[in-house]
Amino acid sequence: MANVAQLLQQGVDRLRAAGSETPRLDAELLLARAIGVDRTVVLAHPEAPVNTSSEAAFNADLDRRAAGEPVAYIRGFKEFFGLALAADPRALIPRPETERLVELAEQEVLQRLTRAPRPVRTSPLRIVDVGTGGGAVAIALAVALRRRRMLDEVSILGTDISPDALALAQENAVGHGVADHVRFLEADLLPPVIATPFDVVLANLPYVRTDAMPGLPIAASFEPSLALDGGPLGLSLIGSLLDRLPEALTHGGTALLEIGGDQAEGIAQLAAERLPDWQCQVETDLAGQPRVARVERREGGRAAA
Ligand SMILES: C[S@@+](CC[C@H](N)C(=O)[O-])C[C@H]1O[C@@H](n2cnc3c(N)ncnc32)[C@H](O)[C@@H]1O
């Protein structure tokens with residue numbers, strides 16, 4: 001019977017040869033799944049024997065991974081902001097970069113809920129997560145606010161143009177016990193008519209340039225292209241969302257929009273063209289990379305058209 005260390009080495013060699021960018025991590029996660037334990041157990045017990053049915057399951061998963069399928073789709077979930085979110089080809093796999101958007105969103109909401117006493121019966125803060133995909137941003141924010149006992153003070157809407165993605169988002173919201181607080185709606189960016197504007201608009205919309213799509217790792221080809229392709233300059237959908245902000249955001253409202261690391265100048269230029277009376281400031285991540293554009297009306301800026 002092979003042991004953990006031997007199978008792991010075989011897996012790493014196989015995945016490296018197949019072109020995985022993270023062969024060791026992938027093999028550790030897949031072996032842990034095949035044995036039915038946490039990855040830390042695999043790391044802690046290299047000498048442990050592995051039975052033949054677990055070995056067969058590991059080899060079957062290695063076949064899938066070697067063909068390019070993302071580990072998150074094989075495992076059926078992805079860790080995001082401390083949550084295990086269901087992941088499958090109906091939606092993009094949540095990326096670690098997007099945790100920065102959730103952090104900023106949580107800070108923003110907290111600041112709005114605590115900066116002045118909120119009279120009883122104040123209507124909840126209205127938040128929308130545009131292009132919610134599998135619901136990562138909306139759900140992680142809801143869970144974070146529930147921990148702070150503030151979930152009842154907000155209403156969260158997640159929109160997406162993909163009904164498949166929305167079905168996964170709904171499952172994730174149920175799985176994390178926030179389905180009563182996060183609503184999902186099929187929409188092209190935002191509802192066609194916005195009767196009451198939002199206080200906070202969040203979005204991680206597709207921002208990969210169309211000509212860069214073929215150069216993405218093969219794993220991305222298993223994800224919906226609708227979730228990645230951001231048009232010729234990568235900013236087409238974000239630009240369309242900027243166009244809608246004057247009607248979608250309250251005066252004093254804030255939009256937080258995830259961007260690519262090379263799009264700080266592009267978004268600043270786009271915002272200056274589309275929303276000349278507004279301000280756009282780019283927030284970085286821990287590595288100092290541009291990550292989220294904060295877009296707000298300037299004090300005294302022109303009212304919505
Ligand atoms: C980069 S993915 C992000 C998914 C999720 N927010 C996350 O961070 O994991 C972008 C999402 O935008 C959605 N999308 C693309 N075009 C859209 C549109 N016109 N209106 C609404 N959603 C759109 C895609 O279906 C996809 O789910």
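What follows is a chat between two colleagues about why certain labels are used for this predicted model.

Colleague: Start me off with the overall picture. What makes the radius of gyration agree with a compact globule?

Modeller: The rule is 2.2 Å times the number of residues to the power 0.38. For 305 residues that puts a compact globule near 19 Å, and the protein chain has 21 Å, so the two agree. Along its principal axes the C-alpha trace spans about 70 × 45 × 35 Å. The protein chain holds ten helices and nine strands, and 39% of its 305 residues count as buried.

Colleague: How much of the contact set comes from residues 24 or more positions apart?

Modeller: Taking the contacts with a separation of 6 or more, 69% are between residues 24 or more positions apart.

Colleague: On to the strands. How do you know that β3 and β4 pair?

Modeller: Pairing needs at least two bridges found by DSSP. Strand β3 (residues 125–130) and β4 have six, in the parallel sense, so they qualify. To find the register by eye, look for L125, which stands opposite V154 in β4. Between those strands the chain runs through helix α7 (residues 136–147), in a β-α-β crossover that is right-handed.

Colleague: What does β4 do on the β5 side?

Modeller: Five bridges join β4 to strand β5 (residues 182–186), again parallel. D160 is placed opposite E186 in β5. Helix α8 (residues 163–175) goes with β4 and β5 to make a right-handed β-α-β unit.

Colleague: Why is that unit called right-handed?

Modeller: Point the strands away from you and trace the path from the first strand over the helix to the second: the word applies if that path runs clockwise. The unit of β4, α8 and β5 carries that label, as does the crossover from β3 through α7 to β4.

Colleague: And what makes β4 mostly covered?

Modeller: The count of its residues: five of the seven in β4 (residues 154–160) are buried.

Colleague: Which residues come nearest to the ligand?

Modeller: G131, G133, I161, N204 and A227, out of 22 around the ligand. Two elements, α7 and β4, give two or more residues to that shell. By class the shell has 13 nonpolar, seven polar and two charged residues.

Colleague: Let's look at the hairpin. How do you know that β1 and β2 pair, and in what sense?

Modeller: Four bridges join strand β1 (residues 77–80) to strand β2 (residues 83–86), and the strands run antiparallel. At least two are needed, so this counts as a pair. F77 has A86 in β2 as its bridge partner. The hairpin has two residues between the strands, and F81 takes a positive phi near 50° there.

Colleague: Why does a positive phi get a remark at all?

Modeller: Because most residues other than glycine have a negative phi. F81, near 50°, is a residue other than glycine with a positive value. L189 is another such case, with phi near 65°, and L189 lies in the loop between β5 and β6.

Colleague: Both are in loops, so to speak. Why are F81 and L189 called buried?

Modeller: The cut-off is 20 or more other C-beta atoms within 10 Å. F81 has 20 C-beta neighbours inside that distance, so it counts as buried. L189 has 21 other C-beta atoms within 10 Å, so L189 is buried too.

Colleague: Then why is Q289 called partly exposed?

Modeller: Q289 has 15 C-beta neighbours inside 10 Å. Exposed would take 12 or fewer and buried 20 or more, so a value in between is partly exposed. Q289 is in the loop between β8 (278–284) and β9 (290–297). Leaving out residues up to four places away in sequence, Q289 touches G261 and T284. Q279 is ten residues from Q289 in sequence, and their C-alpha atoms are 20 Å apart.

Colleague: What about F222: why does that one count as partly exposed?

Modeller: F222 has 17 C-beta neighbours inside 10 Å, and therefore counts as partly exposed. F222 is located in the loop between β6 (198–203) and α9 (236–248). Beyond four places in sequence, F222 touches G68, E69, P70, Y73 and P89. The C-alpha atoms of F222 and G266 are separated by 28 Å, with their positions 44 residues apart along the chain.

Key:
Residues are numbered from 1 along each chain as its sequence is written. This is a predicted model: local features need pLDDT of at least 70, side-chain atom pairs count only at pLDDT 80 or more; totals for chains, interfaces and linings use all residues. Two residues are in contact if their C-beta atoms, placed from the backbone, lie within 7 Å. A residue is near a molecule or strand if its C-beta atom, placed from the backbone, lies within 6 Å of it. Ala, Val, Leu, Ile, Met, Phe, Trp, Tyr, Cys and Pro count as nonpolar, Asp, Glu, Lys and Arg as charged, and the others, Gly among them, as polar.
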